[in-house]
Each structure stands twice: as structure tokens, then as C-alpha cells.
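Here is a walk through one protein chain, written for someone who would rather be at the bench. Have a look at the fold first, then read on.

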Amino acid sequence: MDHTIRPMTAADRLRLVEVSRAADTLFARAGVHLPDDDPDDLFDQAAAVLVAGRPPVGFAALTVLDGAAHLEQLSVHPDYGRRGIGTALLTAACAYAQEHGSPWITLTTFRDLPWNAPWYARHGFTVLPEPEWGPQLARQWREEIAAGIAVLPRVVMRRRLTPDRTTATGR
């Protein structure tokens, strides 16, 4: 099967809903009970949705918060897990964000689940302290709490996509 990363098409939508719901079963298997997910709203509001495969087996949905890219959701169908598809989607999402001028990419995730914060940390993300959140990221955090997503400890993470000029220049 071809797992090429590409932009979402209208024909992908129904399958991507299935992928999202199937990916959520990983949380249930880990004893984490999340509210029902309706990714249709996400697809409508995303700045970009990158898809792996034909037919799709995974996706990365990006929005923009506080003028920077935000990885709203990354999902891979469990039948295709542990094959590098999530990494390929994350790499493509970071490249997309950088190509569109974002200095970094943020996300919110569960702190302790191995395929969440620890996995993102292995890919260059670090925890972003609350005082460094912009107003839109803070609103996103509050909305996730109100939606019942914060059933386990969560963190905001960020990965720099462009060189930090203050470090490079010594200022």
C-alpha cells in the first residue's frame, strides 16, 4: 500500500472519519475514556489536512493559533500503526508549517501516554510553560477542558521550525 503524504481531498473525508474513530480506540484500550469525536468540524476548520495513503490510513490536521501552526490532531488507523506513518505525517506537518512561514508548531497532548507527549518529545517537541502561551492557545486549552478531553494530565508542547535568531546572534 502507498503511504505517500498528500493533501486531503473531498473523496477522503468519510474514510478519515473512520480513521479518527478507529485511532480513538487506542485510548479506550488504555483505559482512557474520551468524549465522542466528530472530526467533520475539524476538517472544515483546519488550515490543512495532510493524509497518508490511498485509501487514507492516517492524517494530520493543522490550524493556526497565535500566528503559528498548531497540530490539532494526528491519527493513524491502528491496523497501520508502528509502521512510521505517524512519523511521516508529523514530518510533513512540520514541513508544511515551515513552508508557510510558521516559526514553530504547537500541540496539546496527554502527558504520560507513550504515544503522546513522550513520542512528540522524541521528535523534538518540548513542554511549553503556560506563561508562554498566546491567547488563542490558552483559549484552545480551556475549550479542551470544557469539552471533557482533559481526563488525564495534559501538556502544551512546541517545536521550533526556524533557527532561533537570538541564540544564533548571541542576543
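The notes below go from model confidence to the sheet, then to the cores and the aromatic rings.

## How far to trust it

Keep in mind that this is a predicted model. The chain averages a pLDDT of 92, and 94% of the residues score at least 70. The stretch to treat with care is residues 167-171, where the pLDDT is below 50. Beyond near neighbours in sequence, that stretch has one contact in the model.

## The sheet at a glance

Seven strands make up an open sheet with mixed pairing, and their order is β1-β2-β3-β4-β5-β7-β6. Which strands sit at the edges? They are β1 (5-7) and β6, each of which pairs on one side only.

## Around β3

Strand β3, residues 58-65, makes a good starting point. On one side, β2 (residues 48-52) runs antiparallel to β3, and five bridges join the two. A52 stands opposite G58 of β3. The hairpin of β2 and β3 has five residues between the strands, and there G53 takes a positive phi near 95°.

Next comes β4 (residues 68-76), which is also antiparallel to β3 and is joined to it by eight bridges. Here T63 faces H70 of β4. The hairpin of β3 and β4 has two residues between the strands, with D66 at a positive phi near 55°. Is β3 mostly covered or mostly open? Mostly covered: seven of its eight residues are buried.

## The β5, β7 and β6 end

Farther along the strand order, β5 and β7 pair in the antiparallel sense over seven bridges. T108 has V156 in β7 as its bridge partner. Strand β6 spans residues 126-127 and also pairs with β7 in the antiparallel sense, over two bridges. In that pairing, T126 has R158 of β7 as its bridge partner.

## Two nonpolar cores

As a rule, nonpolar side chains in soluble globular proteins tend to be buried together. In this model, the largest nonpolar core has 27 residues. The ones with the most contacts inside it are L71, L74, L90, I105, Y120 and F125. Several elements feed this core: β2, β3, β4, α3 (85-99), β5, α4 and β7 (154-160) each supply at least two residues. Helix α3 gives the largest share, seven residues.

L74 shows what that looks like up close. Leaving aside its neighbours within four places in sequence, L74 is in contact with F59, A60, G86, L89, L90 and Y120. There is also a second, separate core of 10 residues, which includes L16, A46, V49 and F59.

## Aromatic rings

How many aromatic pairs turn up in a search of the whole structure? Six. One of them is F27 with W115, a tilted pair at 5.5 Å centre to centre with 55° between the planes. F27 lies in helix α1 (residues 13-29) and W115 in the loop between β5 (104-110) and α4 (117-122), so this pair ties together parts that are 88 residues apart in sequence. The two partners are covered to differing degrees: F27 counts as buried because its relative accessibility is 13%, under the 20% cut-off, whereas W115 is partly exposed, with a relative accessible area of 33%.

Another tilted pair is W133 with W141, whose ring centres are 5.0 Å apart and whose planes meet at 50°. W133 is buried, at a relative accessible area of 14%.

## Clusters and charges over rings

F27 and W115 turn up again in an aromatic cluster, this time together with F110. F110 has a charged neighbour too: R154 lies over the face of its ring, 4.6 Å from the ring centre. A second arginine does something along those lines with a tryptophan, as the charged end of R158 sits over the ring of W104, 4.6 Å from its centre. R158 is also the bridge partner of T126, so look at both contexts when you inspect that residue.

Definitions and conventions
Residues are numbered from 1 along each chain as its sequence is written. This is a predicted model: local features need pLDDT of at least 70, side-chain atom pairs count only at pLDDT 80 or more; totals for chains, interfaces and linings use all residues. Side-chain values use heavy atoms; hydrogens and water are left out. pLDDT is the predictor's confidence in each residue, from 0 to 100. Contact means heavy atoms within 4.5 Å. Buried means under 20% relative accessible area, exposed over 50%, partly exposed in between (1.4 Å probe, protein chains only). Helices (H or I, at least four residues) and strands (E, at least two) are DSSP runs, numbered from the N terminus. Two strands pair if DSSP finds at least two bridges between them. Rings of Phe, Tyr and Trp (its six-membered ring) pair if their centres lie within 6.5 Å; planes under 30 degrees apart count as stacked, over 60 as edge-to-face and the rest as tilted. A charge sits over a ring if NZ of Lys or CZ of Arg is within 6 Å of the ring centre and within 35 degrees of the ring normal. A nonpolar core is a set of buried Ala, Val, Leu, Ile, Met, Phe, Trp, Tyr and Cys residues joined through side-chain atoms within 4.5 Å.
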